[in-house]
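Q: Please look closely at a single part of this structure and describe its setting in connected prose. Please explain the reasoning in terms a first-year student can follow.

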Amino acid sequence: MRLQLKINVKNGVATVKEYKGTAAAVKIPSKVNKAKVTKIGDEAFWSVKTMTSVTIPSTVTSIGKAAFNECTSLKKVVIPGKVTKINASAFWYCTN
C-alpha cells in the first residue's frame, strides 16, 4: 500500500492538491505540520482506480471541482459536517 499526497501549505492553510497512491482506503490527514487541511483541490484524486473509500477530516470545508472524478472503485466517502462547499462534478463518474 502506497499513500502519496501532495499537499500545499500557504498562510497556515493546507490544500490537498494531488494523490498518486495505490491504497484502497485513503484517510486524509487533518494537519500537515501545524497547518490545518481545509480544502481538497480541483482534480486532486482524479481517476484513482484503486481507492474504495476515503475519509475526509473535520477540518475540511471545501471539496474542489472534479476532485474525485472517475474514481470508479470508490464506494464509501465520509464527509464531515463542516464541508460547506462541494464543487461541480466533484464525484462525477463515480459509478459505485
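A: In this predicted model, lysine 85 has a relative accessible area of 45%, and it is therefore classed as partly exposed. The class follows because partly exposed residues fall between the limit for buried, under 20%, and the limit for exposed, over 50%. Lysine 85 belongs to strand β9, which covers residues 85–86. Together with Lys6, Lys17 and Lys39, Lys85 forms a positive surface patch. Membership of such a patch requires over 30% relative accessible area and no salt bridge, and like charges are joined within 9 Å.

Two members of this positive patch, Lys6 and Lys39, are also among the residues touched by threonine 15. Threonine 15 lies in strand β2, residues 13–19. With a relative accessible area of 17%, threonine 15 is buried. Beyond residues up to four places away in sequence, the contacts of threonine 15 are Lys6, Ile7, Asn8, Lys39 and Gly41.

Strand β9, residues 85–86, also leads to a second patch. Ile86 joins Val77 and Ile79 in a nonpolar surface patch of about 210 Å². Of these residues, isoleucine 79 is located in the loop between β8 (76–78) and β9. Its relative accessible area is 35%, so isoleucine 79 is partly exposed.

To return to the starting point, lysine 85 is partly exposed at 45% and contributes to the positive surface patch with Lys6, Lys17 and Lys39.

Terms used: Residues are numbered from 1 along each chain as its sequence is written. This is a predicted model: local features need pLDDT of at least 70, side-chain atom pairs count only at pLDDT 80 or more; totals for chains, interfaces and linings use all residues. Side-chain values use heavy atoms; hydrogens and water are left out. Patches are made of residues with over 30% relative accessible area and no salt bridge: like charges are joined within 9 Å, nonpolar side chains (Val, Leu, Ile, Met, Phe, Trp, Tyr) within 5 Å. Accessible areas come from the Shrake-Rupley method with a 1.4 Å probe; for residues, only the protein chains shown count as cover. A salt bridge is a side-chain nitrogen of Lys or Arg within 4 Å of a carboxyl oxygen of Asp or Glu. Lys and Arg count as positive and Asp and Glu as negative; His and the chain ends are not counted. The place of a charge is taken as NZ of Lys, CZ of Arg, CG of Asp or CD of Glu. Helices (H or I, at least four residues) and strands (E, at least two) are DSSP runs, numbered from the N terminus. Buried means under 20% relative accessible area, exposed over 50%, partly exposed in between (1.4 Å probe, protein chains only). Contact means heavy atoms within 4.5 Å.
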